[in-house]
Amino acid sequence: MSSEITIKVLVFGVFRKYIDKGNVTVRVNSDCSVDMLKKALKDEIIKLNPQFEDVELLDSSVFAKGNHIISQNVLLTDNEEVCVLPPVNGG
Amino acid sequence: MDKNLKILFTDKVIKLTDGFNFVARDAHGAITSFLGVVRSVNEGESVIGITYDAYVRLAEKILQEICVESTNNYGKEIIQYIAHQVGYLPVGSITTAIYVSSPHRKQAMSACHYLIENLKKRAPIWKQEHYLNGSTKWLKGCCLA
């Protein structure tokens with residue numbers, strides 16, 4: 001039986017348009033990978049913003065933990081804090 | 001602390017003399033700089049300002065990696081300084097200041113170009129333009145994957 005874990009996602013850039021407080025907490029299955037978190041986050045954004053249509057945004061974004069980017073297959077643990085980073089354009 | 005490298009994210013106005021003074025060396029005959037400035041028009045829209053957002057913890061690490069690559073490419077003598085402001089900046093504000101010094105101009109010019117081109121593509125920094133008509137838009141960019 002799969003239990004649930006809580007992940008806090010910090011958002012940046014265009015994601016602030018959809019999650020204006022800068023972070024969102026999602027509940028996912030305990031065997032959740034980054035790729036699965038991406039789907040859960042998309043559902044959460046749609047719940048908060050029924051008009052959300054930028055389906056490519058999450059596919060073009062990466063996740064980071066601390067000061068490194070994490071790959072799609074990394075498994076997450078309870079109460080972890082991760083960041084979602086959309087395409088960049090500084091300078 | 002590497003005395004040949006400084007990376008700074010700030011919500012204060014960037015002081016240009018800080019970068020110049022950091023890279024200046026008696027043995028270096030060249031100092032190059034790049035200054036990014038908020039411009040008043042983008043793609044036909046009248047811009048009044050830009051809000052910069054950054055994931056500073058990762059951005060600092062990535063900029064350090066870019067500077068190491070630059071040192072490997074253009075010589076261990078080069079001194080590098082990168083400052084980026086975050087928060088809201090009105091038109092005319094300096095967003096980014098990059099200074100590089102080296103004994104000779106070629107290395108300093110190449111390194112400065114390398115730093116800004118890679119900062120734009122690889123550092124987790126984002127901009128939201130504010131327009132004269134009151135609307136805003138987060139600009140599209142380069143995928144980090």
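Right after helix H2 of chain B comes Gly75(B), with a positive phi near 120°. Helices here (H or I, at least four residues) and strands (E, at least two) are DSSP runs, numbered from the N terminus. The model is a predicted one, in which local features need pLDDT of at least 70, side-chain atom pairs count only at pLDDT 80 or more, and totals for chains, interfaces and linings use all residues. Residues are numbered from 1 along each chain as its sequence is written, while chains are lettered from A and ligands numbered from 1 in the order in which they are written.

Back to the helix itself. H2(B) is made of 19 residues and spans 26 Å from first C-alpha to last, close to the 27 Å expected at 1.5 Å a residue; that expected span is 1.5 Å times one less than the number of residues. Several residues of H2(B) are buried, including Leu58(B), Ala59(B), Ile62(B), Leu63(B) and Ile66(B). Buried has a cut-off: 20 or more other C-beta atoms must lie within 10 Å of the residue's own, whereas 12 or fewer makes a residue exposed and anything in between partly exposed, with C-beta atoms placed from the backbone. An α-helix has 3.6 residues a turn, so residues three or four places apart point the same way.

H2 (residues 56-74) of chain B packs against H3 (residues 105-122) of chain B at an angle of about 150°, and their axes are 10 Å apart. Axes are lines fitted to C-alpha atoms, for helices over the stretch in contact, and the angles run from 0 to 180 degrees between N-to-C directions. H2(B) and H3(B) are therefore roughly antiparallel, a label for angles over 145 degrees (under 35 is roughly parallel, 65 to 115 roughly perpendicular, and the rest oblique). On the H2(B) side, the contact uses Ile62(B), Leu63(B), Ile66(B), Ser70(B), Asn73(B) and Tyr74(B), and the residues from H3(B) include Tyr114(B), Leu115(B) and Arg122(B). Being in contact means that the C-beta atoms of two residues, placed from the backbone, lie within 7 Å. Sorted by class, the residues of this helix contact come out as eight nonpolar, five polar and one charged. Ala, Val, Leu, Ile, Met, Phe, Trp, Tyr, Cys and Pro count as nonpolar, Asp, Glu, Lys and Arg as charged, and the others, Gly among them, as polar.

Just past H3, in the loop leading to strand E8 (125-131) of chain B, sits Ala123(B). Ala123(B) is buried, because 29 other C-beta atoms lie within 10 Å. Leaving out residues up to four places away in sequence, Ala123(B) touches Ala59(B), Ile62(B) and Leu63(B), plus Val88(A) and Gly90(A) from the other chain. Ala123(B) and Lys61(B) are 62 residues apart in sequence, yet 8.9 Å apart in space from C-alpha to C-alpha.

Now for the two chains together. Their contact takes 19 residues from chain A and 26 residues from chain B. Strands E3 (62-65) and E5 (80-85) of chain A each supply at least two residues of the side touching chain B, and that side has 10 nonpolar, seven polar and two charged residues. Ala64(A) lies in E3 of chain A and counts as buried, because it has 20 C-beta neighbours inside 10 Å. Among the residues that Ala64(A) touches are Val82(A), Leu85(A), Tyr55(B) and Leu58(B).

Two loop residues have a positive phi without being glycine. Asn79(A), with phi near 65°, is in the loop between E4 (68-70) and E5 of chain A. Glu43(B), at about 50°, is in the loop between E3 (41-42) and E4 (45-54) of chain B. Asn79(A) counts as exposed, with 10 C-beta neighbours inside 10 Å, and Glu43(B) counts as exposed with 8.
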